[in-house]
Amino acid sequence: MSARELVVLGTASQVPTRHRNHNGYLLRWDGQGILFDPGEGTQRQMLRAGVAAHDLNRICVTHFHGDHSLGLAGVIQRINLDRVPHPVTAHYPASGQRYFERLRYATAYHETVSLTEAPVAADGPLAVTDSYTLEAALLSHPVESYGYRLVEPDGRRILPERLAAHGIAGPDVGRLQREGVLDGVTLEEVSEVRRGQRVAFVMDTRLCDGVHALADGADLLVIESTFLDEDVRLATDHGHLTAGQAAAVARDAGVRHLVLTHFSQRYADPAEFERQARAAGFTGELSIAQDLMRVPVPKR
């Protein structure tokens, strides 16, 4: 199993179907789990996908429409029922505080876990860890909505030919990496910058600056494509994207792997989303999301 992967728990918009659960996406990242938009049925989808409550470290809600948040009550209660031993942080639009509180305390249960509420009120960094920075950007939807992005710090890639040119081998390589210099040879002389991985999560929105900012340079972009291009007027009116619009964003942003999701139940053939995405000029790796699909984060 990849140390960094997307586990798709649900892909339906507005209402679930026989084949698509409400939204839900888990990003596994170096032993941590970030759950995005737990819609109704997420707890059962976690069971089917082999995701435990103990796997969750953060919950990120883009907005408080039901297909993105009705599963929050069950997930929070499951975290407490299973006595998750580590703190869990919840991010969500600050304007939806009353909805979060209603969902958190929807029914009686015994709280056993430290759940930290960290509402989002503006664009920018939300959390900084050793392996990523979590960022948010405002989207354009009838209710306040934020997209999220994880950015790994840049690292360095060792170049064997440069090591050989300086006669550095064996344990000395590790020493040079730890100390930054060895016998006058610096780490910069035998390596190059390896840009950190980036994963962007963009749900319900029209085209706006936030969409482009989140997608910029993403290795993996998970983005809604509720409508097909012929229904662009409906998409705009209801605050959504079409397959072609989402793909054009990915094309212009240099996205490496595009995951289209959040499909309207009006469409029976998911292959049409792929066709329109390709017609928009996106040439990178493309996945039309299906429930319980697993997508590795492209390596750098």
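Guide: Two strands count as paired if DSSP finds at least two bridges between them. This model is predicted. Keep the pairing rule in mind for E3 and E4.

Visitor: What makes E3 and E4 a pair?

Guide: Three bridges join them. The rule asks for at least two, so E3 and E4 pair. They run parallel. One of the matches is Ile-34, whose bridge partner in E4 is Arg-58.

Visitor: How do you know that E2 and E3 pair, and in which sense?

Guide: Five bridges link E2 and E3, against a minimum of two, so they pair. The sense is antiparallel. Arg-28 stands opposite Gly-33 in E3. E2 and E3 form a hairpin, with two residues between them. In its turn, Asp-30 has a positive phi of about 50 degrees.

Visitor: Why is E3 called largely enclosed?

Guide: Four of its five residues are buried, so the rest of the structure largely encloses E3.

Visitor: Which strands stand at the edges of the sheet, and what makes them edges?

Guide: The order is E6-E5-E4-E3-E2-E1-E18, an open sheet of seven strands with mixed pairing. Strand E6 (115-117) and strand E18 (294-296) have a single partner strand each, so one side of each lacks a neighbour in the sheet. From one strand to the next, the twist averages 20 degrees. E18 pairs with E1 (residues 4-10) in the antiparallel sense, over three bridges. Val-7 has Arg-294 of E18 as its bridge partner.

Visitor: Which helices lie across these strands?

Guide: Helix H1 (residues 42-49) lies across E1, E2, E3 and E18, at about 130 degrees to E1. Helix H3 (residues 72-81) lies across E3, E4, E5 and E6, at about 175 degrees to E4.

Visitor: Why is the pair of Tyr-92 and Phe-100 called stacked?

Guide: Two values decide it. The ring centres of Tyr-92 and Phe-100 are 4.2 Å apart, within the 6.5 Å limit, so the rings pair. Their planes stand 10 degrees apart, under the 30 degrees allowed, so the pair is stacked. Both residues are buried. The structure holds nine aromatic pairs. Ring pairs also link Tyr-25, Phe-36, Tyr-148 and Phe-201 into a cluster.

Visitor: How far is the charged end of Arg-4 from the ring centre of Trp-29?

Guide: The distance is 4.0 Å, and the charged end sits over the ring. The distance limit is 6 Å, so Arg-4 meets that part of the test.

Visitor: How do you know whether Thr-133 is buried or exposed?

Guide: Its relative accessibility is 18%. Buried means under 20%, so Thr-133 counts as buried. Thr-133 lies in strand E8 (residues 133-138). Its contacts beyond four places in sequence are Pro-125, Ala-127, Val-128, Arg-149, Leu-150 and Val-151.

Visitor: What makes up the largest nonpolar core?

Guide: It has 32 residues. Leu-221, Ile-223, Val-255, Leu-258 and Leu-260 touch the most other members. Elements giving two or more residues include strand E14 (198-202), strand E15 (220-224) and helix H10 (271-279). H9 gives the most, with six residues. Leu-260 touches residues including Ile-223, Phe-273, Leu-286 and Ile-288. Another core, of 26 residues, lies apart from this one. Among its members are Leu-220, Val-222, Val-295 and Val-297.

Conventions
Residues numbered from 1 in each chain as written. Predicted model: local features only at pLDDT ≥ 70, side-chain atom pairs only at ≥ 80, totals over all residues. Heavy atoms only, no water. Phe/Tyr/Trp six-rings, centres within 6.5 Å; stacked < 30°, edge-to-face > 60°. Buried < 20%, exposed > 50% of the residue type's maximum accessible area, 1.4 Å probe, protein only. Lys NZ or Arg CZ within 6 Å of the ring centre and 35° of its normal. Axes fitted to C-alpha atoms, helices over the stretch in contact; angles between N-to-C directions. Contact = heavy atoms within 4.5 Å. Core = buried A, V, L, I, M, F, W, Y, C linked by side-chain atoms within 4.5 Å.
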